[in-house]
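User: Before I use any labels from this model, I would like to see the reasoning behind them, with each value set against the criterion that it has to meet.

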Amino acid sequence: MKKNNRILFQGDSITDMRRSRGDNISHNLGHGYVYIIASYLSLNYHFKNYSFINRGVAQDKIEDISKRWHKDTLSLKPDTLSILAGINNIGAIVNDNGTTDLIKFRDIYIELLNDFKKEMSGSSIIICEPFSLPVDKRMKNWTKRKQVLNETHDILKEMSSDLDIQYIELQSVFEEASKLKPYEYWLYDGVHPSPAGHALIAKTWIKEVLNIEL
C-alpha cells in the first residue's frame, strides 16, 4: 500500500467491536481485528503514515450498510476500503426471517462496490469473506447454514473476480485453525470471534494485503 494510505474498515459487529463514536484513537477502532491490524501496521510501517477508520455497525446487514454508504464510506474518501459483511444476511436467510435473499444481497453489494469505484477512482477494495462454525445455536440447522454460507462465498468470489477486487478467504482459515483448537476457541458462539479469532483475521488480512509471511 502506498504512503499516507487512509484505510476504512466497514461491516457489522465483527468489525464494530464496541468502537467508540468519538475521536479517541484507543477506542474508536474497536477492540478486534481492526485494532490489531492498525497496531501492527502503525508499528512496523510507521514511515508510511497510514491512518485508520472503523465504521462497522453491530447487527448490520448489507441493506443497512447501503443506507449509510455515503456518510460512512464515500464521504470519508478512503484510499483502501476493507469490507466484512454478510453473516447477518446469512443468519436471516437460515432462520427464515430475512427480507433479503442472496440475489438481492448480491445486487445491493455490487451496487455499493460500483458506486465506490466510480466515486473513488484509484482507491482499492478488499472483500473479506464471512465465516461461521458449528458452535452453540449455530449447530442448529448447520447443514442449511453451511449451504447458504457456501453460496454466499461463491457470489462474493465471482463478484470480486468480475470487479477486479481483492478477496480474502476466511472460512477455510477458521476451519484449518479448528484442527488445532475447538471451534469455540476461535468463534465463541459460532459467529463472533474470540481474541484468538480476531488475531487470526488480522494475521490473514496482513499476510494477504501486504503479501508477506507472518
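Analyst: Helices here are DSSP runs of H or I with at least four residues, numbered from the N terminus, and on that basis Asp16 has its place in helix α1. Please keep in mind that this is a predicted model.

User: Why is Asp16 called buried?

Analyst: Buried means under 20% relative accessible area, and Asp16 has 5% relative accessibility, so Asp16 counts as buried.

User: What makes the link between the side chain of Asp16 and the backbone nitrogen of Ala58 a polar contact?

Analyst: The side chain of Asp16 reaches the backbone nitrogen of Ala58 at 3.1 Å, and a polar contact calls for a pair of N or O atoms within 3.5 Å, so the distance satisfies that cut-off. Leaving aside neighbours within four places in sequence, Asp16 is in contact with Arg21, Gly30, Asn54, Gly56, Val57 and Ala58.

User: How do you know that helix α5 is largely enclosed by the rest of the structure?

Analyst: Of the 8 residues of helix α5, which covers residues 87–94, 7 are buried, and therefore the helix is largely enclosed by the rest of the structure. The buried ones are Ile87, Asn89, Ile90, Gly91, Ala92, Ile93 and Val94, and what covers them includes α1 (13–16), α3 (62–67), α6 (102–119) and α7 (142–163). After α5 comes Asp96, whose phi is positive, near 60°.

User: What makes Thr73 buried and Lys77 exposed, given that each is found in the loop between α4 and β3?

Analyst: Thr73 is found in the loop between α4 (69–72) and β3 (80–84), and Lys77 lies in the loop between α4 and β3 as well. The relative accessible area of Thr73 is 0%, which is under the 20% limit, so Thr73 is buried. For Lys77 the relative accessible area is 56%, which is over 50%, and Lys77 is therefore exposed. Not counting residues up to four places away in sequence, Thr73 touches Leu8, Gln10, Arg68, Pro78, Leu81 and Phe116, while Lys77, although not a glycine, has a positive phi of about 50°.

User: Why is Asp164 called exposed, and what is its phi?

Analyst: Asp164 lies in the loop between α7 and β5 (166–168), and at 72% relative accessibility, over the 50% cut-off, Asp164 counts as exposed. Its phi is near 55°, a positive value in a residue other than glycine.

User: How do you know that Gly32 is buried, and which residues is it in contact with?

Analyst: Gly32 is found in the loop between α1 and α2 (33–44), and its relative accessible area of 3% is under 20%, so Gly32 is buried. Leaving aside neighbours within four places in sequence, Gly32 is in contact with Met17 and His198.

User: What makes the chain as compact as a globular protein of that length?

Analyst: The chain has 10 helices and 5 strands. Its radius of gyration is 16 Å, close to the 17 Å that the globule rule gives for 214 residues, so the chain is as compact as a globular protein of that length. The C-alpha atoms fill a box of roughly 50 × 35 × 35 Å, taken along the principal axes, and 51% of the 214 residues count as buried. Among contacts between residues at least 6 apart in sequence, 75% join residues at least 24 apart.

Technical notes: Residues numbered from 1 in each chain as written. Predicted model: local features only at pLDDT ≥ 70, side-chain atom pairs only at ≥ 80, totals over all residues. Heavy atoms only, no water. Buried < 20%, exposed > 50% of the residue type's maximum accessible area, 1.4 Å probe, protein only. Helix = DSSP H or I, 4+ residues; strand = E, 2+ residues; numbered from the N terminus. Contact = heavy atoms within 4.5 Å. Rg over C-alpha atoms; globule rule 2.2 N^0.38 Å. Polar contact = N/O pair within 3.5 Å; in protein donor to acceptor, adjacent residues only side chain to side chain.
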